[in-house]
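Visitor: I should like to take a close look at a single part of this structure. Please choose one region and describe what surrounds it.

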Amino acid sequence: MPLNCSSLVFRVPYFLGQTRITNTKKLTSTTYVGSCFPTHRKKTHQNKSFHIVSQLKFNQNYSSSSVMEDQRNILLSSPGPEKYSKELDVAVRAVQMACSLCQKVQDNLISKTNSTVHSKDDNSPVTVADWSVQATVSWILSESFGCRNVSILAEEDVQSLSTAVATGLLDAVVKTVNDCLTEAPYFGLKGPETPLGSSDVLEAISRCNSMGGPTGRFWALDPVDGTLGFVRGDQYAVALALIEDGEVVLGVLGCPNYPMKKEWLSYHHRYHRIISKLTPPTSESWDKGCVIYARKGSGEAWMQPLNQKNRLLAWPNSAIPVRVSSIDNPALATFCEPVEKSNSSHSFTAGLAHSVGLRKQPLRVYSMVKYAAIARGDAEIFMKFARTGYKEKIWDHAAGVIIIQEAGGVVTDAGGSPLDFSKGIFLEGLDRGIIACAGAKLHEKIIRAVDASWNSSSL
C-alpha cells in the first residue's frame, strides 16, 4: 500500500523589509528591517553588517511571556540588499497569511458542511479558500508594489463569482478575505484601512489576468494546489512564484498540513485531528505545517513553521536550511507520485520504479507538497507522466521547481530538458512527463529507464 501523508497544522507570521505595523489593537509601532534569510550567512560577507531590529510594544492584553519571546534585538551579518529580496519578503508573508486563511476554511469544511465546495467546468473542485486566497495575495502584492507593477497569472477566474446566483458565495469570500486581512499586522503587513467590499474583492481576483510569456515579470499563483486533498482534510499547498523573462526567480510553498518533522508523515490525518484536540500545540510539537522558499542563484532553500494564532515571530530565528537527500541508491530511495489517477499513470510509474530498482512503497501526496518532500530530504524522486491530452500548467510546478533546484536537486522533463515557463499558461513542449530527483545520479537512471520503457507504455 502506498504511504499517504498526514495532515498537520500550525501557523507563523514573517518578516518584511522596512515595514511599519499600525492600526492594531495589540501592537503599536512595530518596525522590521531585514531579509528572508537567517543569520548563518557565508563567511565572505562578515565584513559588512547591519542591524535587524524588532521592537514590539503590547498593551495589557498581551502576556508577559509573549513579550519575552517576541521582544528581541538582533545583529546580523549581511552583504546588504540582494536581488528579489523584497519580493521574497512579501511573497513569504503573503503565503503565510494564505495558509492561515486556508486552515480556518478547511477546519470549517471538515467539521461542518461542504456547501462551500463547488465544481469548475472540468469538474475539479473549487472552494471559498481558492477565491479568498487569490484575492488576498493579489491585494497584498498590489499594495506592496503598486497595481501597475504587478502582473499575476492565477488559476481561478472571477466569472462564477460575478453572477446573481453567486451572491451568497461572494459574501462568504468577502468575509473570509477581510477576516484574513485584519490579521495582517501579525505577519508584518499593513491591512486595509476599511474592510474591502464586494467590488474590491472581485477586482483583486480579476486582476490575476496575466497570460505569462517569454518577456517581462509576472507572478504565478495557485491559491490552493490540491483542492481535492484540501476538501478531504489532507495535504494541499499554497504556491507562489515570480517569473521574469521566462525564468522562475523565486518560489514559496506553503504546506499547512505537512509536518516539520519527517517522523509524523506516516500518521493519517484523521489521527492528527484527534491528537491535536487533546494536546495543545507548542513551539516544539508536531502539530504544525511549514513554508519552504528559495531564490534563484542563492544555492539555498529555507523552511519555517507556520505561526500560532495571534503570535508574532521574532525573525529570523525560526527558519532552518533544507537540503535534498544524499541517497543515490534506488533501493533506498522513496519516490512520490500524485494521488489522483486521472492525470497521472500509476501503472507506468510502478513499472518504471521496478525496472530502476526502487523497492520502497510510493509516497502518494496531493499537490506540490511532493516538491517540498524532495527539497527537504523526505523523498528522493517525483515522477509524473500525464495521460494523453492532459497539459501541465505552470502554476502547478513553478514554485516547487526553483525550491528543489536551489536545495540541490534536479528537475527536468523526461527528455532531460529544463521545464519551460516562457510559453504562457501551459508547460508547452514537455517531453512525456516530469522527473524531479534529489541528485544527478538518480535522475540519470530514471531518464534511461523512461527511454527503455516508453514505447511499451499506453501513454
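Guide: The account below follows one sheet, the helices that pack on it, and some residues close to this theme. The model is a predicted one. Its chain has 459 residues, of which 58% count as buried, and its secondary structure comprises 11 helices and 21 strands. Among the contacts in the chain with a separation of 6 or more, 76% are made by residues 24 or more positions apart.

The part chosen is an open sheet of seven strands, in the order S10-S11-S12-S13-S14-S15-S16, whose pairing is mixed. Strand S10 (152–154) and strand S16 (320–322) form its edges; each has a single partner strand, so one side of each lacks a neighbour in the sheet. On average, and with direction ignored, neighbouring strands of this sheet are turned by 20 degrees against each other. One pair may serve as an example: strand S14 (residues 290–295) and strand S15 (residues 301–305) run antiparallel and are joined by five bridges. In this pair, Cys290 stands opposite Pro305 in S15.

Two helices may now be placed against the sheet. Helix H3 (residues 128–145) packs on it and touches S10, strand S11 (217–225) and strand S12 (237–244). The direction of H3 makes about 150 degrees with that of S11. Helix H10 (residues 398–406) lies across S12, strand S13 (247–255), S14 and S15, and runs at about 100 degrees to S13.

Helix H3 deserves further attention for its helix partners. Two packed helices are described by the angle between their axes and the distance between the axes. For H3 and helix H4 (residues 167–181), the axes come within 9 Å and cross at roughly 50 degrees. The two helices, H3 and H4, are therefore oblique to each other, and their crossing is right-handed. On the H3 side, the contact is made by Val128, Trp131, Ser132, Ala135, Thr136, Trp139 and Ile140. On the H4 side, Leu169, Ala172, Val173, Thr176, Val177, Cys180 and Leu181 take part.

H3 also packs with helix H5 (residues 198–206), at an angle of about 85 degrees and with the axes 8 Å apart. H3 and H5 are therefore roughly perpendicular to each other. Here H3 contributes Trp131, Gln134, Ala135, Ser138 and Trp139, while H5 contributes Val201, Ala204 and Ile205. Trp131, Ala135 and Trp139 of H3 thus appear in the contact with H4 and again in the contact with H5.

Within H3 one may look at a single residue, Ser142. Ser142 has a relative accessible area of 4% and is therefore buried. Its side chain is joined to that of Arg207 by a polar contact of 2.9 Å. Leaving aside residues up to four places away in sequence, Ser142 touches Cys147, Val150 and Arg207.

A second residue leads back to the strands of the sheet. Arg376 lies in the loop between helix H9 (369–375) and strand S19 (381–384). Because its relative accessibility is 11%, Arg376 counts as buried. The side chains of Arg376 and Asp378 are joined by a polar contact of 2.6 Å. Again leaving aside residues up to four places away in sequence, Arg376 touches residues including Cys290, Ile292, Met303 and Val322. Cys290 was named above as the residue opposite Pro305. Other residues touched by Arg376 include Tyr258, Pro259, Met260, Lys261, Lys262 and Arg323.

The loop of Arg376 ends at S19, which has pairings of its own. Strand S17 (residues 335–337) is joined to S19 by two bridges, and the two run parallel; Phe335 stands opposite Ile381 in S19. S19 also pairs with S21, in the antiparallel sense, over four bridges, and in this pairing Phe382 stands opposite Ala436 in S21. Both faces of S19 are covered: Ile381 and Met383 are buried on one side, as are Phe382 and Lys384 on the other.

Strand S21 (434–437) also borders a loop, and Arg432 is found there, between strand S20 (410–413) and S21. Most residues other than glycine have a negative phi. Arg432, however, has a positive phi near 65 degrees. Because its relative accessibility is 23%, Arg432 counts as partly exposed.

Terms used
Residues are numbered from 1 along each chain as its sequence is written. This is a predicted model: local features need pLDDT of at least 70, side-chain atom pairs count only at pLDDT 80 or more; totals for chains, interfaces and linings use all residues. Side-chain values use heavy atoms; hydrogens and water are left out. Two strands pair if DSSP finds at least two bridges between them. Axes are lines fitted to C-alpha atoms, for helices over the stretch in contact, and angles run from 0 to 180 degrees between N-to-C directions. Contact means heavy atoms within 4.5 Å. Buried means under 20% relative accessible area, exposed over 50%, partly exposed in between (1.4 Å probe, protein chains only). A polar contact is a pair of N or O atoms within 3.5 Å; within protein, one must be able to donate a hydrogen and the other to accept it, and residues adjacent in sequence count only if both atoms are side-chain atoms. Angles under 35 degrees count as roughly parallel, over 145 as roughly antiparallel, 65 to 115 as roughly perpendicular and the rest as oblique. A crossing is left-handed if the near helix is turned anticlockwise from the far one by less than a right angle, and right-handed if clockwise.
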